[in-house]
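Q: I'd like a close look at one part of this model, please. Take me through it in one go, as you would at the bench.

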Amino acid sequence: MADRTGYWLVILFIVSLILFSATGIYGIYEYNMKSKSNENWKSTPEYRHFMEKMNLLSLPAVVLMMGSLAICIPRRLISTGYISLIVGIILLIFIIYLVIYPLKIALGIFFLSLLLIQIVVLILTIMDRNLIYRKGMRMSRIGSALLHLSLTLFLVDITIVGSGLHLAVFWIAGAGFMVGSIMSFYGG
Amino acid sequence: MNIQGYLQIRDSFINGGLIISGFIVTLSLLLLLLTFLSHRRRTLRLHAEMIEKLLIATIMAGFLLIIYFHVGISRNVFISHPGMETVRFYVPPWIETEKLYFWALIISVIRLLSSPVDDLHIAGSRLILASFGILAVVSGSFSNPLPFFHREVMIWGLVRGSTDELQYLAYMVSRARYFYNSVYMWIHPPALFVSYAFLTMSLPGFIGMMFRKKTDDLSLIYRYLRPGYLFLTAGLILGYPWAVEAWRGSWWWDPKITGSLVMWAFYTAILHTMIYRRRLYRFTGITGMVSFIFLVYTYLLTYISTGVHAYG
């Protein structure tokens, strides 16, 4: 049962990546079309509209990606039913916030909530609690938890672009992702 | 700047490159031929192996020649002006027409250090090596070295002594500081090319996965996919602060960057399908093929697309 859920979560994650890729490919096409029709379009408001549109278009894929990750990793901690409920509540709060607050703030709160879950999972993995992992040695499990936490941190960081903390958080997320990947790949 | 010295070293590089190019193309064609023929005649395998080693050695010798050219550039091309520090040009050996050569070099190193046992993998990696050998030469690594940099130096030579010289020197100083000599230029592109090389070498494994079920294919993919993915991620991470520093906010959703992210998403998807490889066996193979096609497309975006990376 746990393996079956894991399988469908991985499928969901892959679907989110395909969705993101499709959005990206469309973005490449539109960027080129706009550049060809007006060489200086980037200095016009059109570029800003394009960026806003692309950010919005990629949002469902990113939310789906983070949602599947938020269930996939912490289900090692508590049952899939509970964690799905928690993620569902977070999603609901996100939708309510989306109505009340600007998109950036709603997203920031959504990603921060998911980050919190990933931090708890990482701590418990380091403490070697009896978590459900499909396979792998302790080092590899810590690596997996760390890289998924770092990916969430990247997204939190996107919501603070322009602030003084942005690059510092980016480097922390980058280092975490690299160390996590190495541990996950070569940790046994 | 010693323009005569620069032109002299460029000429000797082109002449030396002519010989190396001839060797690389001949050995690559021979390797292609022997790889196809050795499929039927096993006695030819030893010959193919020998030609392959010779090709690898020649590609490495060619890279040494490129390094010699670049050292020559740093010695002869510099900005020296009263009241300012001398600025030398340390041009990295993986830009402009040398990109594919660097890619081919890393493939050579990987091929030299690895010893696949499966026939399909051996044939596949030899075809990749030979193709990249030819592409590296055809792209103009030796016949048309660093065309944009050369044009900049030539214009510099023309404006020397004129009223435009100071303005042009300011432009060249910024080119040296933010492009050629930038620390990011020395770590971001090579990390990506190393990743491209590893990911290219995983291709025979994905082709195998489409037509057969063999654990050799999976072990080959894992061997190359893991370092390839690590270098790809590192390359993307290292490029970000550079983009923020150099382009401020005018690069979001740039085609090349978006393409790289999509490529990263493809390879992330593969790493996840590999967890359930029994159920997603053929799908993983197909995704691997699509990812490689997208890798090539992302590389070509520099040439076929507009955007901040469209330097050519």
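What is the area buried between domain 1 of chain B and domain 2 of chain B, and how much of that do carbon and sulfur atoms give?

A: Bear in mind that this is a predicted model. Chain B splits into domain 1, residues 1-181, and domain 2, residues 182-312. Going by C-alpha atoms, the centres of these two domains of chain B sit 22 Å apart. Where they meet, about 2,700 Å² is buried between domain 1 and domain 2 of chain B, and carbon and sulfur atoms give 73% of it. On the domain 1 side, look for Trp94(B), Trp103(B) and His121(B): this trio supplies 25% of the area that domain 1 of chain B buries against domain 2, more than any other three residues.

In terms of contacts, 30 residues of domain 1 of chain B touch 32 residues of domain 2 of chain B. There's some polar chemistry here as well: eleven residue pairs are in polar contact between the two domains of chain B, counting pairs with both residues at pLDDT 80 or more. The domain 1 side of this contact in chain B breaks down into 20 nonpolar, five polar and five charged residues. As for which elements they come from, helix 3 (99-113), helix 4 (119-138) and helix 6 (165-180) of chain B each give two or more residues to that side. Helix 3 of chain B gives the most, with eight residues.

Finally, the charges: two salt bridges are counted between domain 1 and domain 2 of chain B. If you want a salt bridge to zoom in on, try the side chains of Asp118(B) and Arg212(B), which pair up at 3.0 Å, N to O.

Conventions
Residues are numbered from 1 along each chain as its sequence is written. Chains are lettered from A and ligands numbered from 1 in the order in which they are written. This is a predicted model: local features need pLDDT of at least 70, side-chain atom pairs count only at pLDDT 80 or more; totals for chains, interfaces and linings use all residues. Side-chain values use heavy atoms; hydrogens and water are left out. Domain bounds come from an automatic or database domain assignment. Contact means heavy atoms within 4.5 Å. Buried area is the accessible area (1.4 Å probe) that two parts lose on being put together, summed over both. A salt bridge is a side-chain nitrogen of Lys or Arg within 4 Å of a carboxyl oxygen of Asp or Glu. A polar contact is a pair of N or O atoms within 3.5 Å; within protein, one must be able to donate a hydrogen and the other to accept it, and residues adjacent in sequence count only if both atoms are side-chain atoms. Helices (H or I, at least four residues) and strands (E, at least two) are DSSP runs, numbered from the N terminus. Ala, Val, Leu, Ile, Met, Phe, Trp, Tyr, Cys and Pro count as nonpolar, Asp, Glu, Lys and Arg as charged, and the others, Gly among them, as polar.
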